[in-house]
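Please open the model in your viewer and keep the sequence panel beside it, since this tour moves from one selection to the next.

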Amino acid sequence: MQSVKLNNGIEMPLIGFGVFQIPENECEDVVVNAIKSGYRLIDTASSYKNEEAVGRAISRAQNELGVERKDLFVTTKAFIQEMGYDKTLKAFDESLSRLSIDYLDLYLIHMPFGDYYGSYRALESLYKEGRVKAIGVCNFLPDRLLDLCNNVTVIPQVNQIEHHPHYQRREDLDLMQQFNIQPEAWAPFAEGLKGMFDEPVLKDIAQKYGKTPAQVILRWNIEQGIVVIPKTVHEKRMMENFNVFDFALDAQDMVKIKTLDKNCPSMLDTRNLNEIRRVYDYLKNPVLTSL
């Protein structure tokens, strides 16, 4: 497993396993299989409603696979309804309890809405107390990220964003590089929307290396130094997604993939009013996207 070094010196695996939309009753076995397949970064969130299952999987991994807690990089997130200093401190404790662990490797503000400044102060407190090794945000566009960075004492270690060949986000990545903030790609396949897996460019490159379009997409992220968290419930695909360190894309491949950029999100647009309404209502009505 290759890793990146965050701006505070903490090592973070380059590829992890996301559990978004994996039901609680399936999630435990799925995460155990992911750890067995080699994944060490596990990404969940309070809004996913499966933290308890992830916690049970972590315990099983230690007992059944000999994978110690210290060898895992566990991420969770505080959602909109948990924004504000006191609410986020409470949410952190509740997430730790559900996960049955005593510290987090990474704690993130899930959405750029609500009192996220109060929440970020809570994250800074938790970080300074050593209860979380790294802190950051999700889905912060450049204007909000720049404003945040100008008003905090601890620069975020991570910004987790929608990132895939249809939404390549050069401006976002350039700003993160300026502040040494690690980009992390959620929905690297855009859930297969808008014909992602049928793109001739990706299929041709995959054939060239004897790989799949999914593996090409993951490799494309990794070669840009972007941490990536694919999700699947199928063990065969877990292993396939993990098997991306035995080939490298060349400059011509990267140029071809660059032509796929539609410069718009497929999953989440935090400036779209319908999307803002959707994410505020997500806990009661978990619709994937309105785009």
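The stops below cover a loop residue, a pair of helices, a residue within one of those helices, and two cysteines. Bear in mind throughout that this is a predicted model.

**First selection: Asp 261**

Begin with Asp 261, which you will find in the loop that runs between helix 10 (251-258) and helix 11 (273-280). With a relative accessibility of 30%, Asp 261 counts as partly exposed. Now add His 166 to the selection: although 95 residues separate the two in sequence, their C-alpha atoms are 4.4 Å apart in space. If you set aside the neighbours within four places in sequence, the contacts of Asp 261 are with Pro 165, His 166, Tyr 167 and Gln 168. Then turn to Asn 263, whose backbone nitrogen lies 2.8 Å from a polar atom of the Asp 261 side chain.

**Second selection: helix 7 and helix 8**

Next, display residues 200-209, which form helix 7, together with residues 213-223, which form helix 8. How do the axes of these two helices cross? They come within 8 Å of each other and cross at roughly 90°, and the two helices are therefore roughly perpendicular. To see the contact itself, show the side chains of Leu 202, Lys 203, Ile 205 and Ala 206 on helix 7, and those of Pro 213, Val 216 and Ile 217 on helix 8. Sorted by class, the residues of this contact comprise six nonpolar, no polar and one charged.

**Third selection: Asn 221**

Stay with helix 8 and pick Asn 221, which has its place there. Is this residue buried or exposed? Asn 221 is buried, its relative accessible area being 0%. Once neighbours within four places in sequence are left aside, Asn 221 is in contact with His 163, Ala 185, Pro 188, Ile 226 and Val 228, so that list makes a convenient selection to colour around Asn 221.

**Last selection: Cys 138 and Cys 149**

Finally, select Cys 138 and Cys 149 and consider their sulfur atoms. How many disulfides does the structure hold? It holds zero disulfides. Cys 138 takes part in none, and the nearest cysteine sulfur to its own, that of Cys 149, is 14 Å away. Seen from the other side, the sulfur of Cys 149 has its closest cysteine sulfur in Cys 138, and the 14 Å between them is too far for a bond. As for accessibility, Cys 138 counts as buried at 1%, and Cys 149 counts as buried at 6%.

Note on methods:
Residues are numbered from 1 along each chain as its sequence is written. This is a predicted model: local features need pLDDT of at least 70, side-chain atom pairs count only at pLDDT 80 or more; totals for chains, interfaces and linings use all residues. Side-chain values use heavy atoms; hydrogens and water are left out. Helices (H or I, at least four residues) and strands (E, at least two) are DSSP runs, numbered from the N terminus. Buried means under 20% relative accessible area, exposed over 50%, partly exposed in between (1.4 Å probe, protein chains only). Contact means heavy atoms within 4.5 Å. A polar contact is a pair of N or O atoms within 3.5 Å; within protein, one must be able to donate a hydrogen and the other to accept it, and residues adjacent in sequence count only if both atoms are side-chain atoms. Axes are lines fitted to C-alpha atoms, for helices over the stretch in contact, and angles run from 0 to 180 degrees between N-to-C directions. Angles under 35 degrees count as roughly parallel, over 145 as roughly antiparallel, 65 to 115 as roughly perpendicular and the rest as oblique. Ala, Val, Leu, Ile, Met, Phe, Trp, Tyr, Cys and Pro count as nonpolar, Asp, Glu, Lys and Arg as charged, and the others, Gly among them, as polar. A disulfide is a pair of cysteine sulfur atoms within 2.5 Å.
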